[in-house]
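Subject: Structure for you to look at

Hi,

Here is the structure I promised to pass on. Have a look at it first, and then read my notes below.

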Amino acid sequence: MPIRPHSRRVLTRLGFALLLPLAAACEKKLPPKPPEQLVLEAVSFSDIPGWAEDNVVEVLPAILRTCSRFALRPDDAAIGNDAGQIGGTAADWRAPCAALAALPPGDPAAARASLEAWFQPFRGRNNETETGLVTGYYEAELNGALFPGGAYVAPVYARPADLVTVELGEFSPDLKGRNLVGQVADGKLRPYPARNEIEAGLLGGRCLELLWADDPVDVFYLHIQGSGKVRFPDGSERRVGYAMSNGRDFTGIGRLLLDEGKIGPGEASAQGIRAWLRKNPEEGRAFMQRNARYIFFRWIDGEGPIGAQGVALTPMRSIAVDPRYVPYGLPVFLDTTWPGEQRPLRRLMVAQDTGSAIKGPLRADFYWGSGEPALDKAGGMKQQGRFYFLLPKTVAERRQATS
């Protein structure tokens, strides 16, 4: 007796139902991804691509600024968040810093010889992965005034008094290095208001305005970069730097604009995003507010923007890193490429800053300097690179003795 069509459908469904448990039984689960960790392998300086060609004398001002910070710390103070396993202690840096400070100015050969005498290079990996991401940042520039009026309508705020930070390590050793940012209300710590609430006037009337800018897009980019140079109507200039954030997570609006078809892949650079935001002010404001993170600033006097280590950054020689893995002050040789090119970019840098988007052991944000030329480079930088970490030889010897 022939099977009717609807019977064939029933049998087909029954067959699939019988096969599903077998398919599930044969399905292979991927092993869990191992936690990120910085793995260091000792190498020689001759193993570092481009080491002999880099004009390393240019990095000495950045290293000596780091040395000035280490000089203020007691000998047994650990450098970094890992009890000094990578950065060692302040004592490990005394002799290398003294040797570099005593070098004759402008002598690349002497600088290279001194670095090779006092440091041991290590090739870095993230578990078994040998390359990491290198992006770029710059010091924003904006037009501002100390009082509102005319075109100057976008406020740049100082840190509010009700913004508090809780160092969780003070409550439990297991939480060392972690903190919470928020606002105490009704006896409880709550998340601090997000960008949209602040921009709706939440802080008005509290005299927190450092200055007023003439372009809200420039203020938004100032928040992303964390520091900037303000030009006043009389031609004078002054710097502002990061004071604190509201503790909210950072959301990159470039991805949002791409995903929602507002810009094309060729327009996803910092310059392209900025142009779209200015062309579409109302819609752009809504997109900017989807980044809940908000930055508060302070005046900075002196040289350069100040990085998270507390020293002025050196253009094209300072990088931002994830301090959970890489101690501030550590020299790091980057083997990467120029933004948007395959041309090698190989130079010794110093880890002196961080950022909310800089996560992982092989991750760097390359500081290009200030102004539009720096933005042109920083805005288009998203390169892969290899990382070589220079540890004081006393630290390297202890690592080898215990390995």
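Let me start with helix α2, whose buried residues are covered by a set of elements that includes α3 (90-101), α4 (108-118) and β14 (344-353). The α2 residues that count as buried are L60, A62, I63, R65, T66, C67 and F70. Keep R65 in mind, as that residue comes back further down.

Before going on, a word on the model itself. This is a predicted model, with an average pLDDT of 90 over the protein chain and 92% of the residues at 70 or above. The part to treat separately is residues 1-20, where the pLDDT is below 50. Beyond near neighbours in sequence, that stretch has two contacts in the model.

As for the overall picture, the protein chain has 11 helices and 16 strands. Its C-alpha atoms fill a box of roughly 100 × 65 × 50 Å along the principal axes. There are 403 residues, and 46% of them count as buried. If you take the contacts with a separation of 6 or more, 76% are between residues 24 or more positions apart.

Now the salt bridges. The structure holds 23 of them, and I picked out a few.

Here is R65 again: this residue pairs with E303, with the closest N and O atoms 2.9 Å apart. What does this pair tie together? R65 belongs to helix α2 (residues 60-70) and E303 to the loop between β11 (295-300) and β12 (318-320), so the bridge ties together parts 238 residues apart in sequence. The two partners sit in unlike surroundings: R65 is among the buried residues of α2, while E303, at 57% relative accessibility, counts as exposed.

Next is the bridge between R231 and E141, where the closest N and O atoms are again listed as 2.9 Å apart. R231 is in strand β9 (residues 227-231) and E141 in strand β3 (residues 132-145), so this pair ties together parts that are 90 residues apart in sequence. R231 is partly exposed at 29% relative accessible area, and E141 is partly exposed too, at 27%.

Then there is a loop-to-loop case, in which R206 and D162 meet through their side chains at 3.3 Å, N to O. R206 lies in the loop between α5 (195-202) and β8 (209-213), and D162 in the loop between β4 (154-157) and β5 (164-167), so parts 44 residues apart in sequence are tied together here. R206 is partly exposed at 35%, and D162 is partly exposed at 23%.

Beyond those pairs, E41, R123, R125 and E128 are joined in a network of salt bridges.

On to a helix pair that I'd like you to view. The axes of α8 (residues 270-279) and α10 (residues 371-378) come within 8 Å and cross at roughly 115°. Since 65 to 115 degrees counts as roughly perpendicular, that makes α8 roughly perpendicular to α10. On the α8 side the contact is made by A270, Q271 and R274, and on the α10 side by E372, L375 and D376. Sorted by class, the contact has two nonpolar, one polar and three charged residues.

R274 also leads to D218, a residue in helix α6 (residues 216-225). Leaving out residues up to four places away in sequence, D218 touches E141, L142, R274 and R278. E141 in that list is the partner of R231 in the salt bridge above. Is D218 itself buried or exposed? D218 has a relative accessible area of 12%, which is why it counts as buried.

Last one: W51, in the loop between β1 (38-42) and α2. With a relative accessible area of 3%, W51 is buried. Which residues is W51 in contact with, leaving aside neighbours within four places in sequence? They are F45, V56, R112, L115, E116, F333, L348 and L390. For a sense of distance, W51 and K359 are 308 residues apart in sequence and 26 Å apart in space, C-alpha to C-alpha.

That's what I have so far. Over to you!

Cheers

Technical notes:
Residues numbered from 1 in each chain as written. Predicted model: local features only at pLDDT ≥ 70, side-chain atom pairs only at ≥ 80, totals over all residues. Heavy atoms only, no water. Axes fitted to C-alpha atoms, helices over the stretch in contact; angles between N-to-C directions. Helix = DSSP H or I, 4+ residues; strand = E, 2+ residues; numbered from the N terminus. Parallel < 35°, antiparallel > 145°, perpendicular 65-115°, else oblique. Contact = heavy atoms within 4.5 Å. Nonpolar A, V, L, I, M, F, W, Y, C, P; charged D, E, K, R; others polar. Salt bridge = Lys/Arg side-chain N within 4 Å of Asp/Glu carboxyl O. Buried < 20%, exposed > 50% of the residue type's maximum accessible area, 1.4 Å probe, protein only. pLDDT = per-residue confidence, 0-100.
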